Amino acid sequence: MEDIFKTEQSHLSYVYKTLQDTLQSINESLDTNADTAKSFKKKSGQETALNFDSYADNLDTFAAIETMNKQIDYFNNKQTQLQNIKSNITRLLPAPYFAKMDLKYPDEEEISSFYIGSAGFSKTTENPMILDWRSPIADLYYNNKMGSTTYNANNRAINVTVKTRRQFLLHDDVLQNIFDSNLAIKDPLLLETLQKSKNNEMNSITATIQKEQNTIIRDTTSQALLVNGIAGSGKTSVVLQRIAYLLYHYRNQIISNNVLLLTPNSLFTSYINKVLPSLGEEAPLQMTFEQMLEPYIDEKIEFEDNSSHLSYISNNLSNLNIPEKSFRNIKLNGLSIFNKSTIKKIFDQTSKSITIDKRIDATTTVMIGIIEENIESNSRDGKFQSQLSELTDLQQERIFGHNITPNSDKTTQLATKKMLFYRNRKLISLIKHKKYLNIKSIIQLILNTDSLNHLDYAYTKLRLLNLTKKDLKFVMIDEIQDYSLDQIIFMIAAFPNVKWTLVGDEFQSIRESNTPLKFDDLKELFAQNNIKTTQKDLYTSYRSSGEITKAFVAHGSTELINRIKIIQTGGIKPQFLVNSGINELMEHLKAQMTSLNKDTLSAVITSDSDLATTIGQKFNIPIISNSDRLPQKGIVVLPLILAKGLEFDDVIIADAGSTYYLDKDLGENRLYTAFSRASRSLVVNETIF
Ligand SMILES: Nc1ncnc2c1ncn2[C@@H]1O[C@H](COP(=O)(O)OP(=O)(O)OP(=O)(O)O)[C@@H](O)[C@H]1O
């Protein structure tokens, strides 16, 4: 083993030195390339005199500009490539790799060794020095297999024998420890990682992804992947690693903007914000469901907080006969251009055999056609042509971008047409945006009620105006249990081309809702929409110590107790205290907080924000709200609804005896969720108010 350590240390020193040297030469190349590009631009700017005197001069000038642009593109591309390598090396230097696989291929005599890191690095193309964790070979490492096995590369199964699976604990160029899988039963690297203090931002789990998590991360076949995992089983981590994996795997097909990640609130978004950049990937589109809904909502309309009826609306939309009163008059400068009855007539003439959104599209096309015909005929009319000659310089500039001098009938007519299009631009835009539809009235008609729910409105608008997001390819939803079936119906309609990753935990359903989401109903809904769901369950508790895991699982189900696997066995037993009122609670809290480690981040979790404010003000500790970021260390106080999804070494539950936690339907879920925020220590105050 000593020899192995020495050999590995010298390999690490060599790799580290190579990374450092390459970084230095890349920095030099970046400077040189930037200087060369700068002087090239200056020189060619002077040499490429713009000469448009004749047709031949035009061609010469365009050719010169083209060559110049190509050369500038070349410099830019080179700069980007160098920057990418630089950023990979910068990420690798603190820990160049975390694992090694010795593989024996059937047709090769020698054993091939591959080192796996958080990014790829090669000095030469044929011989990678470090393999990216997302590369096909790395799959073998995560699958934790020894001996004869296969991995997939370019849709081909490749046979190999895994001779060694080695993990490294290292820092910069210093090798601290080596673990060989054929020797160790547990995953020591995982234990080391989990025992580190939690902080205010989530970290990536690249080096210690577990087999069942790896399957989820690398899934490229499921249409909808539903992950049902206990608290702290790595659902959020897996989603983020999966995004990085998909961006790598489909790097020639998708970019980060083709991926949408829905998060529960802004505090949570800031908590996970560092993970993807630390994996060298741009963050995807990230927002809450309500933020996603904003473009579909009209600010001027007042909504009520009643329940939504998407299935009912959906069933009624297909053969909806829009009545005259659900159209709006279209006016320009107070003048009615299309009144409701005209629009209704146009709509009625569209084919009843096509879908409602297509009928509305057809109505729009006819209306725009009428305006265009009108403009065409007016553009030949002397009255309008003479208006053209009366345009001031400023007006001409606005309409045409420059002053005009039409010198033939044709050019006068074309310019008049352009002027008329300009004058009608608002009208055309109103029609193109289908402002002639009174969506509110349509919903009220379908539901036969005056009160309006914002999701009903957004959905009807989405369907009638066909506002789907076709460029989205992957949608990831964290905390899926907090969504209603109607919200999912909305998203299925809004994102027709996506693959879904839905992660959640039914036991963490803590919001008051008439329609709590059951995963079976969710699967059923996807099936009704011809989307096949694959379910994966995660039963391993990574975040919390054994003692804390047992405490929170007790509020889950008895079936769960038998299924879970605990990684950090043992730990400090949770403390339960009964306080006989707010004064005693405050006294106890004071003592409990004094004993907390001030160098890490700890939390006091309350049932609501009023109690959080009282505690925060009394002890002068930060009261966390939705738009805040967590501080790096110290004690914070926040309501459970915001603490959801977050984690802390030490947690104090302020009022586990309150009605919030005693709720008949949701109480147990709330205790499960609150307890599972803690990784190291948990104090539960069962205050009686
Ligand atoms: N394979 C792993 N290696 C190292 N750490 C891990 C691994 N899996 C999970 N963890 C850690 O466990 C903790 C919980 O992970 P995460 O927050 O992703 O779980 P979760 O299932 O989303 O939790 P919850 O449902 O309670 O919000 C995090 O600190 C994460 O870094």
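## Helices around the ligand

Two helices, α4 (188-195) and α6 (235-249), each contribute at least two residues to the shell around the ligand. Of these, α6 gives the largest share of that shell, with 3 residues. The model is predicted.

## Where the ligand sits

The ligand occupies the second largest pocket. Domain 1 (1-201) supplies residues to the shell, and so does domain 3 (571-687); the ligand therefore lies between these two domains.

## Make-up of the shell

There are 24 residues around the ligand. By class, 10 are polar, 8 are nonpolar and 6 are charged. Five residues come nearest to the ligand: Thr208, Lys235, Ser237, Glu647 and Arg677.

## Polar contacts and burial

Which ligand atom lies 2.7 Å from a polar side-chain atom of Thr208? It is a nitrogen atom of the ligand. Lys235 pairs with a ligand oxygen atom instead: an N or O atom in the Lys235 side chain is 2.7 Å from that oxygen. Arg543 also faces an oxygen atom of the ligand, with a polar side-chain atom 2.9 Å away.

How much of the ligand's exposed area does the protein bury? Taken alone, the ligand exposes 630 Å², and the protein buries 96% of that.

## In brief

The ligand sits in the second largest pocket, between domain 1 and domain 3. Thr208 and Lys235 are among the residues that come nearest. Side-chain atoms of Thr208, Lys235 and Arg543 lie at the distances given above.

Conventions: Residues are numbered from 1 along each chain as its sequence is written. This is a predicted model: local features need pLDDT of at least 70, side-chain atom pairs count only at pLDDT 80 or more; totals for chains, interfaces and linings use all residues. Side-chain values use heavy atoms; hydrogens and water are left out. A residue is near a molecule or strand if one of its heavy atoms lies within 4 Å of it. A polar contact is a pair of N or O atoms within 3.5 Å; within protein, one must be able to donate a hydrogen and the other to accept it, and residues adjacent in sequence count only if both atoms are side-chain atoms. Accessible areas come from the Shrake-Rupley method with a 1.4 Å probe; for residues, only the protein chains shown count as cover. On a 1 Å grid over the protein atoms alone, a cavity is a set of points where a 1.4 Å probe fits but cannot get out, and a pocket is an open set with protein on both sides within 12 Å along at least five of seven lines; lining residues have an atom within 4 Å of a point. A molecule sits in a cavity or pocket if more than half of its atoms lie within 2 Å of its grid points. Helices (H or I, at least four residues) and strands (E, at least two) are DSSP runs, numbered from the N terminus. Ala, Val, Leu, Ile, Met, Phe, Trp, Tyr, Cys and Pro count as nonpolar, Asp, Glu, Lys and Arg as charged, and the others, Gly among them, as polar. Domain bounds come from an automatic or database domain assignment.
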